Every structure is written in C-alpha cells, then in structure tokens.
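Hi everyone, thanks for coming. Could you bring up the structure on the screen so that we can walk through it together?

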Amino acid sequence: MAKIAINIATGSLQQEEIIVGIDLGTTNSLVAIIHPETKQAVALKEHDSSSMVPSVIYFDGQSNVTVGDEAKKKLISSPERTIFSAKRLMGKSYNDIRNRSAAFSYKIIDDNAESLVKVQVGDKFYSPVDLSSYILKELKHRAEHILKTPVNKAVITVPAYFNDAQRQATRDAGKLAGLDVLRIINEPTAASLAYGIGISREENKVIAVYDLGGGTFDISILRIAGGIFEVLSTNGDTYLGGDDIDQAIVEHWKKELGISTEKIAAEPSLNQALRLAAESAKKQLSVTDSYETTLEDYELKISLAQFNTLIQPLIDTTIRSCKSALKDADLKASEIEAVVMVGGSTRVPLVKKAVGEFFGREVNDTVNPDEVVALGAAIQADILAGNNKEFLLIDITPLSLGIETAGGLMDVLIPRNTKIPAKASRQYTTQVDAQSGMRISVFQGERDLVEHNRKLAEFNLSGIPGMPAGLPKVEVGFLINADGILTVSARELRSGVAQSIEVKPQYGLTDSDVEKMLLESITHAKDDIAARALAEAKTEGEQLLKTTERFLQKNAELLTKDELLQTASAMQALQLSITMNDKDLIQKKTEELNEISRPYAERIMDEAVAGAMKGKNV
Ligand code: AMP
C-alpha cells in the first residue's frame, strides 16, 4: 500500500503513508500490509523468522519491557513478571474474571471488584490497555524496521463478541502505542475479506468462520450483503484451543508412562518439557501418522489414531457450538455458503474433516490460518487508504440505543440493526418549571422499560435558564462512528447550553448476552407493551395533576365552591389510581378530572382573553 507520489510544490518524491493491518491476538499477534508491487496481502516478518509475535510481555524490574519470543521464554523463569493473555482482560472488571483468576500466574488487583482490572508487577500497575499497547508498540517497531518507513496508522481486529468497552480499550491501546487506529474490525470479517468474500458489493452470502486458536474457540455466522457484514450469531469457548490439545497429549503420556502428578509437581520443568513435546507431536501429526521422541528416560510415542481419539471430545465441543450458532442465526448447515478456517489449530486434519462434515461442504483453508485475520485487516486498511473505492465496510448495531424518558421508558434513537456510522437526534423538554438540569441516561436494549435494558452512560445537562415546564427544547443527538463508538450530546436550543459524552461503558455484553436480551424482548413483548402503556398513563396522569394544581394556585378564587370540591376529589381519585398502578383506572380518572376542569378552564381563559382585550383596538 506504500505509494510513491510527487509533491508538486517541491518536486520531491513522497512516499504515501502506510496503513497496516494488525491481528492483536490472545496468544500471538501479527501485522500485515498490502505488498506495494504484488498488491497481495502479506504478513510482515524479519527474514526467516515467524510472522507471529507471541502476545507476551516481560517486565525486568528496571524499566525494560520485552515483548514476543524473548518474553515468552520468561514465562517459566519469571512467571510473576511475565504477562500473557492480556486480551482476556480487556475492558473487564475483577468481578468478570474472578472465576478465572487462577489461570493467570501474575498478580491481578482485586481491591475493587467493580472497577477495571489492573495487573501488578513489582511495585508498578498496568491496565490491560497499557499491556496491549506494549504489544502494539512492538508490532509498530517491527513493521517500521522491516518497511524502513514510519508506521502511524492501523486497522486492528477484535473478536466479534467484543463489546463497546473492549473495542474502546483496543483503540486506546493503539493510541498509546502511537497508532492512529482508523478502524476496529471484527476478526471473522477480516478472515472473510482475506478469502476475498465480501469484497464485491454484489456479493450476498452467509458464511461460517471457525476460529480455533491456541487458547480460544470462536464460531461466527456472518451475512454479507451489499458490502455489509452482519454478525448473525457467535458462539464458542474462551478457554478451548490448541493448549487443550497439548494438555490431552501430556495426560496421555503421563498415564502411559506412569508419570505421577507428584513427580510433575516436584519437577515443573518436566511438565513444561512434556508440553513442548506434545505441541511438536501435534504439529507433526498434521502431516505424518505417528510421532516419537525421547525425553530424559522416557520414550514419548503417539500414533495418529490415538491422537484423534484423544481430541475427539474437544472437537465435539466445538461442533456443539457450531450447532448453537446456527440455531441462534435461525439457519440450517446447508444454508452456509462458505466455511472459513482461522487459527493454528485448524491445521489438525481431523478438525477440518469434522467441520467440513458438519457443514456439508469443503472448508476454505488455503490461506495461512495464523495470518488470515491480519491479512484481512490489511485488505481493510487498503480499502480505507482509498485503494479500493468499490468497497466500504459497514457494520450494524446489534441492539437498540436510546435514552430514558418520563416513567422510566426507553426512547429509542438508533434502532437495532442500523448500519453504522449512524446519526440520530430528537427533541425533549422539561417536566417542571424552572428546571435547570436534565439527566440524560443512555441505554441499550430492546425492552420498553429502561430498567430491563443496560445502562451505558449518564450525564447531566446543567445550566438550563429558568423557563416554564415544556418550554426548553433539549436536542439529544446520538452519533455512532465507524468503530461503533457512541457519542451522545445534549443541547438546549434556546440558550445554547450543551454537553456531550463519549460512551465508554465499563462492562459490556457478550454476544450471548445480546442474544439473551433479544430473546427476552420477544418473550416479554406482551408484558412490555402493558408496562409501557401503564408508564405512559401514569406520566399523563401526573402531568395533569401538576397542571391542575398550578391552575388552582393561580385561579382558585375564580372557581365555585362546588367546582373546587369536585376537582379536589377527582385529583385525589387520580392520585390514588396512580399509586395503584392500574392503567385503566388511571386513564378513567384522568379523563374524569379533565371533564371536571375543562368547563371552568375554558371559562377562565375566555375571561382572561376578554380582560386583556379590553380597551384595545384590534
Ligand atoms: P493461534 O492462536 O491462531 O496463533 O494458534 C496457535 C495454536 O495453533 C497453537 O496451539 C499451536 O500449537 C497450534 N498449531 C500451530 N500449528 C499447528 C499444526 N500444524 N497442527 C496443529 N496445531 C497447530
């Protein structure tokens, strides 16, 4: 994507800026570009080394930070100073990872379960954003070293189920690393692009992306139509991958050779050596049908048939996830038009076979499964660089976005399935006289009452000049940028008072949460409609009580005693019906109070108008 251009003013040669694609992975990360000559996506690597940079960070206690292969070596010698799987912590609170904290050998701060996780190394604290930024910095340096030109712009991929907070955290990590993150895109979308699926605007397809990496498994069902990638469903297991395959082989050898758990506990390096041998065995069994080596006095052996039996349960688990994903997308396996393989573990022949059989078609596995996501990110970067004008990536909102209005109701500004970037605005007003502030509470979800939806953010528009209720015009605007990050603004149009907030929720939703919310909105639809009707009736009743009260305060002496008594009793009845939460009764009592007050309200208005007109020539 590096292009040479001539600066007309100076006549000098200029190299156009490079935009790299980055796969920021749980186990490994890598960076790719579109080769300027071949126009093909390529992963960057130094000479003969691998394109993959282990997502591992080592802090030496002084101020040195090492990332990648060198850091990975420290996992055994300095586990408390070596951070792996930082991606699992992105946008998470301690509460979110409490059950899994034993899986981390380093120290995770848990003094405030609600706030975002931090990692302690020595006397220093690091957020997952800091940690990811070290990995991104390393990738940036690597790319600059290989390309011999500054790299300041990137497209970074994230799992499809990442929520706003996790996407924002990834973007912040990029910023910290000195990268202008032009776009955050979904990993399955990138993988699809790497296979050329969805590049053409005319293409309409439903595909499955099966991603089995070192430590995670994701299955995503995507619908691609007119350049829009819609995630129909995702499923998976955030703790299932190649590491489990290795562990299964280790367990097999331990059993076969009678290596006791006590011996392993006394000799941790033996376990590590077994794991490394198991990984070699696994890789070799992708191409041969047996593996043999010696370790100390042990003869480690495994045949392909034994290996396949060992891993069958793991594969079955992934196939069950595929089934669930299809069910959630309301599709049959036969409706999937392509199956894209991602992640090093999809090199295992039995994995390919099982997935192919499940979907009833041959899987797409021609692109290097370790690189496919980064390559797709590079293709997206190329599109953003304007080199592929045919195509523009569009995502859609998974859930509706709106604000809370009177009665705790959800007022949707951007409905679910809206293409992003998206913009919407609506006007609101105050409910009481001289109201100087308005609380804007932003929610996400499909239910009619905000209490059933998820609060994303809240802010106060203050400094509204004193005006009677209903007079201020507060315009609330929602803007979702191309990364799916929402900015909410509020402006009182008469005074110009304004306030805005970028929505960075601390805790987000997983895809299964989104699905649960959608499902709930359907199963509770009837209750929701009733609840909305009740809330609306209550708001109307309360408003009428307020205006009647105000009217009486001003004009009580113009009413007959009878009118006063009748009004007081109708107000009381309406108040009572509101506390009883009986919608029909509230509506009836609202109507009755209206009936009683209408004649004298009209009479007094007429008199006021007549009085005002007296002595005036019209
Ligand atoms: P990823 O997270 O995509 O980088 O995947 C890395 C995982 O792929 C690790 O568990 C590797 O052991 C595994 N892997 C790499 N090459 C092979 C292979 N030839 N056969 C089986 N697994 C592999």
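I'll start with the overall layout, then go to the ligand, then to some salt bridges, and finish with two single residues.

Before anything else, please keep in mind that this is a predicted model.

So, the layout. The chain has 618 residues, and 47% of them count as buried. Its secondary structure amounts to 15 helices and 30 strands. If you lay the C-alpha trace along its principal axes, it spans about 110 × 70 × 55 Å.

How is the chain divided into domains? There is domain 1, made of 5-195 + 371-383, then domain 2 at 242-309, domain 3 at 401-522, and domain 4 at 527-613. Note that domain 1 is written as two segments. To give you a feeling for the distances, the centres of domain 1 and domain 3, taken over C-alpha atoms, are separated by 33 Å.

Now let's turn to the ligand. It is surrounded by 16 residues, and the closest are Asn28, Gly214, Glu279, Lys282 and Ser286. Which domains give the shell at least three residues each? Domain 1 and domain 2 both do. Among the secondary structure elements, helix H8, residues 268-284, provides the largest share of the shell, with three residues.

What about the chemistry of that shell? By class, nine residues are polar, five are charged and two are nonpolar.

Let me zoom in on some polar contacts here. The side chain of Asn28 has an N or O atom 3.0 Å from an oxygen atom of the ligand. For Glu279, a side-chain N or O atom is 2.6 Å from a ligand oxygen. Lys282 also places a polar side-chain atom 2.6 Å from an oxygen atom of the ligand. As for how covered the ligand is, taken alone it exposes 510 Å², and the protein buries 86% of that.

On to the salt bridges. How many does a search of the whole structure find? The search gives 22, and I have picked three to show you.

The first one on my list pairs Glu203 with Lys205, with the closest N and O atoms 3.5 Å apart. Are these partners buried or exposed? Glu203 has 18% relative accessibility, so with the cut-off for buried at under 20% Glu203 counts as buried. Lys205, at 24%, counts as partly exposed.

Next is Glu458 with Arg439, where the closest N and O atoms are 2.8 Å apart. Glu458 sits in strand S27, residues 454-461, and Arg439 in strand S26, residues 438-444, so this pair ties together parts that are 19 residues apart in sequence. Both ends are partly exposed: Glu458 has a relative accessibility of 31%, and Arg439 has 47%.

The last of my three is between Arg532 and Asp448, whose side chains meet at 3.2 Å, N to O. This pair links distant parts of the chain, since Arg532 is in helix H13, residues 525-555, while Asp448 is in the loop between S26 and S27, 84 residues apart. Arg532 is partly exposed at 23% relative accessibility, whereas Asp448 is buried, with a relative accessible area of 17%. And while we are in this part of the chain, which residues are joined into one network by salt bridges that share partners? They are Arg439, Lys455 and Glu458, and you have just met Glu458 and Arg439 as a pair.

To finish, here are the two single residues. Thr82 lies in strand S9, residues 82-84. Thr82 is buried, with a relative accessible area of 0%. What does the side chain of Thr82 reach? The partner is the backbone oxygen of Lys74, at 3.2 Å.

The other residue is Ile135, which you will find in helix H3, residues 128-147. Ile135 is buried too, with a relative accessible area of 3%. If you want a ruler across the model, try the C-alpha atoms of Ile135 and Ser260: these residues are 125 apart along the chain, and the two atoms are separated by 38 Å.

That's my tour, and I'm happy to go back to any view you would like to see again. Thank you all for listening!

Note on methods: Residues are numbered from 1 along each chain as its sequence is written. This is a predicted model: local features need pLDDT of at least 70, side-chain atom pairs count only at pLDDT 80 or more; totals for chains, interfaces and linings use all residues. Side-chain values use heavy atoms; hydrogens and water are left out. A residue is near a molecule or strand if one of its heavy atoms lies within 4 Å of it. A polar contact is a pair of N or O atoms within 3.5 Å; within protein, one must be able to donate a hydrogen and the other to accept it, and residues adjacent in sequence count only if both atoms are side-chain atoms. Accessible areas come from the Shrake-Rupley method with a 1.4 Å probe; for residues, only the protein chains shown count as cover. Helices (H or I, at least four residues) and strands (E, at least two) are DSSP runs, numbered from the N terminus. Ala, Val, Leu, Ile, Met, Phe, Trp, Tyr, Cys and Pro count as nonpolar, Asp, Glu, Lys and Arg as charged, and the others, Gly among them, as polar. Domain bounds come from an automatic or database domain assignment. A salt bridge is a side-chain nitrogen of Lys or Arg within 4 Å of a carboxyl oxygen of Asp or Glu. Buried means under 20% relative accessible area, exposed over 50%, partly exposed in between (1.4 Å probe, protein chains only).
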